[in-house]
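Reader: I'm new to looking at structures, and whole proteins make my head spin. Could you pick one part of this one and take me through it closely?

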Amino acid sequence: MFWKKWIATAVAAAAVLCLSVPFGIAASAVEVQTGELGENGEFTYTLRGTTAIIRNEDGAQVTLENVAAIREDIVWGEGNAVYALGEIPYRADAASFAVVMANTSDFNRVRESRYKLYEYGENYTRGAFTGETVDGAELIERGIVAFDNPAREEKYYEITPNRGSGVLNLSGGEYAVMLSDENLYGSGRVWEDVFTLVVADSLDAPILAEVTETREVPGEGNWEHLANGRWRFREEGGRLASGWQRIAGKWYYFWPYSEGGEYGMYEMVTGWVDAMPGGAYNPGEYAGNGGYYYLQEDGSLKTGWVQRDGGWYYLGEDFQYRTGWLQTGGGWYYLSPQGGRMHTGWLWEDGKWYFLGSDGRMYDNGWRPTGPSTEGVVMLGQWEGFHYFRPDGSMATGWQRIEGEWYYFRPDGSRYQGWLFWGGDWYYLESGRMLAGVMTPDGYLVGSDGRWVR
């Protein structure tokens with residue numbers, strides 16, 4: 001089961017004990033809601049106003065205050081979810097009650113908590129109590145909490161306020177709540193005795209947005225439009241879509257954070273997303289090399305040209321940005337190897353100079369007006385004006401035959417003027433064009449092959 005695999009790296013969230021805390025939700029009329037929680041309905045609950053009483057099958061019970069809603073959402077594989085605000089007064093009428101983070105990155109936000117340390121047993125079991133109770137800072141210092149770094153000590157750490165009461169100070173995110181009338185790690189039923197607690201920062205948080213419209217996708221599930229203007233997708237089994245999902249033949253990406261970083265319950269993402277560093281997967285069979293993807297306003301992946309940060313990029317059929325030379329729309333373009341941004345202006349590539357216009361299209365096959373040297377790059381010579389480009393787009397240097405006549409170009413592509421000694425002979429060039437069978441302006445004869453006749 002999911003929790004069994006996941007629990008070994010999760011962090012137990014703290015309960016900061018106090019006797020009373022003013023509630024943040026005021027109801028004008030007390031409403032009573034009843035139902036079941038858990039993947040298979042292992043819990044029953046009663047929600048009266050903002051007070052939820054949750055019971056499991058062996059008689060354990062917890063009362064949570066500051067509860068905003070209990071909804072039929074499936075989070076991390078568990079049926080239904082309890083939604084509450086960040087400060088949650090509780091009373092546990094249970095032998096063991098633990099709140100465990102679903103995301104270790106949230107740990108640092110509750111580092112003031114205190115934890116009991118236990119030896120790490122085999123097969124996800126908790127060993128004997130070490131006799132140590134430490135705060136979050138020490139857990140991090142000793143490497144027991146390992147987020148983006150290997151653990152230096154294998155220890156279980158949890159807070160289990162048995163039959164206790166106090167306040168859970170939890171930041172926005174998802175938590176697993178374990179409840180038992182026996183010792184959690186001794187009952188053998190701990191992995192079934194879990195329900196999901198979802199914490200919002202305020203009543204206006206995206207995660208608490210109500211569904212205003214549903215659109216069915218036959219055989220796959222339903223799109224849900226939220227009151228905050230965003231979309232999510234609920235699969236036929238009730239689970240909310242997360243990460244990369246193919247729906248009705250198109251790829252979408254769902255992530256729990258909205259614009260601005262607010263927790264948003266796997267809402268559909270739009271705009272640029274760098275999927276790989278976050279641990280998500282490439283979309284299905286389109287397994288590329290990581291990097292950026294672009295999601296259109298309707299959430300579907302885009303191919304072709306797209307603008308970002310004032311520059312242009314090209315996304316291929318695998319939905320990832322291209323780099324290097326690209327031929328499209330009858331022209332050639334160059335996309336930076338470092339990020340894929342479309343290049344404009346002068347380009348030195350494989351020992352040749354190229355020029356790409358303001359639209360990114362490569363100049364080729366003829367005389368073309370060019371701009372100044374690339375900003376920030378020292379380029380000695382004459383780079384503005386008219387230069388000649390060969391059919392392959394490379395700038396002409398040295399000898400080049402153009403419309404039946406010979407020209408000679410300097411290394412910067414400018415046209416040579418005057419006498420040129422080349423290959424053991426003298427030639428005269430006027431604006432780059434070789435004179436042949438005539439007298440030069442300074443009174444010397446050049447033959448039909450352009451060489452000075454001595």
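Author: Let's look at the whole model briefly, then zoom in on aspartate 425 and the salt bridges linked to it.

What you see is a predicted model, where local features need pLDDT of at least 70 and side-chain atom pairs pLDDT 80 or more, while totals for chains, interfaces and linings use all residues. Residues are numbered from 1 along each chain as its sequence is written, and side-chain values use heavy atoms, leaving out hydrogens and water.

How much should you trust it? The mean pLDDT (the predictor's confidence in each residue, from 0 to 100) is 77, and 72% of the residues reach 70 or more. Residues 1-28 have pLDDT below 50, although the model gives this stretch 84 contacts (heavy atoms within 4.5 Å) beyond near neighbours in sequence. Residues 276-290 stay under 50 too, with 31 contacts beyond four places in sequence. Where pLDDT is low, the predicted coordinates should not be read in detail.

Now the overall build. The protein has two helices and 38 strands, taken from DSSP as runs of H or I with at least four residues for helices, and of E with at least two for strands, numbered from the N terminus. Of its 454 residues, 50% are buried; that label means under 20% relative accessible area, with exposed over 50% and partly exposed in between (1.4 Å probe, protein chains only). The accessible surface (Shrake-Rupley method, 1.4 Å probe, with only the protein chains shown counting as cover for residues) comes to about 22,300 Å². Carbon and sulfur atoms hold 47% of that area. Among contacts with a separation of 6 or more, 51% join residues 24 or more positions apart.

On to the close-up. Aspartate 425 sits in strand E35, which runs over residues 425-430. This aspartate counts as buried because its relative accessible area is 17%. Leaving aside residues up to four places away in sequence, aspartate 425 touches Leu420, Arg451 and Arg454.

One of those neighbours is a salt-bridge partner: the side chains of aspartate 425 and arginine 454 meet at 3.9 Å, N to O. A salt bridge needs a side-chain nitrogen of Lys or Arg within 4 Å of a carboxyl oxygen of Asp or Glu. Side chains of opposite charge can pair when their charged atoms come close. This pair ties together distant parts of the chain, since arginine 454 belongs to the segment after E38 and the two residues are 29 apart. Arginine 454 counts as exposed because its relative accessibility is 64%, so here you have a buried aspartate paired with an exposed arginine.

And the pair has company: Asp425, Asp449, Arg451 and Arg454 are linked in a network of salt bridges.

Arginine 454's neighbour in the numbering is worth a peek as well. Valine 453 also lies in the segment after strand E38, a strand covering 445-446. Its relative accessibility is 43%, so valine 453 counts as partly exposed. Together with Met439 and Leu445, Val453 makes a nonpolar patch on the surface, with about 260 Å² of accessible area in total. Patches take residues with over 30% relative accessible area and no salt bridge, joining like charges within 9 Å and nonpolar side chains (Val, Leu, Ile, Met, Phe, Trp, Tyr) within 5 Å.

For comparison, how many salt bridges does the whole structure have? The search finds 10. One of the others has arginine 433 and glutamate 405, whose side chains meet at 3.0 Å, N to O. That pair also links distant parts of the chain: arginine 433 is in strand E36 (residues 433-434), glutamate 405 is in strand E33 (residues 405-409), and 28 residues separate them. Arginine 433 is partly exposed because its relative accessibility is 26%, and glutamate 405 gets that label too because its value is 35%.

Another bridge joins arginine 215 and glutamate 213, at 2.8 Å, N to O. Arginine 215, at 46% relative accessibility, is partly exposed; glutamate 213, at 30%, is partly exposed too.

So, back to where we zoomed in: with its relative accessible area of 17%, aspartate 425 is buried, and it belongs to a salt-bridge network with Asp449, Arg451 and Arg454.
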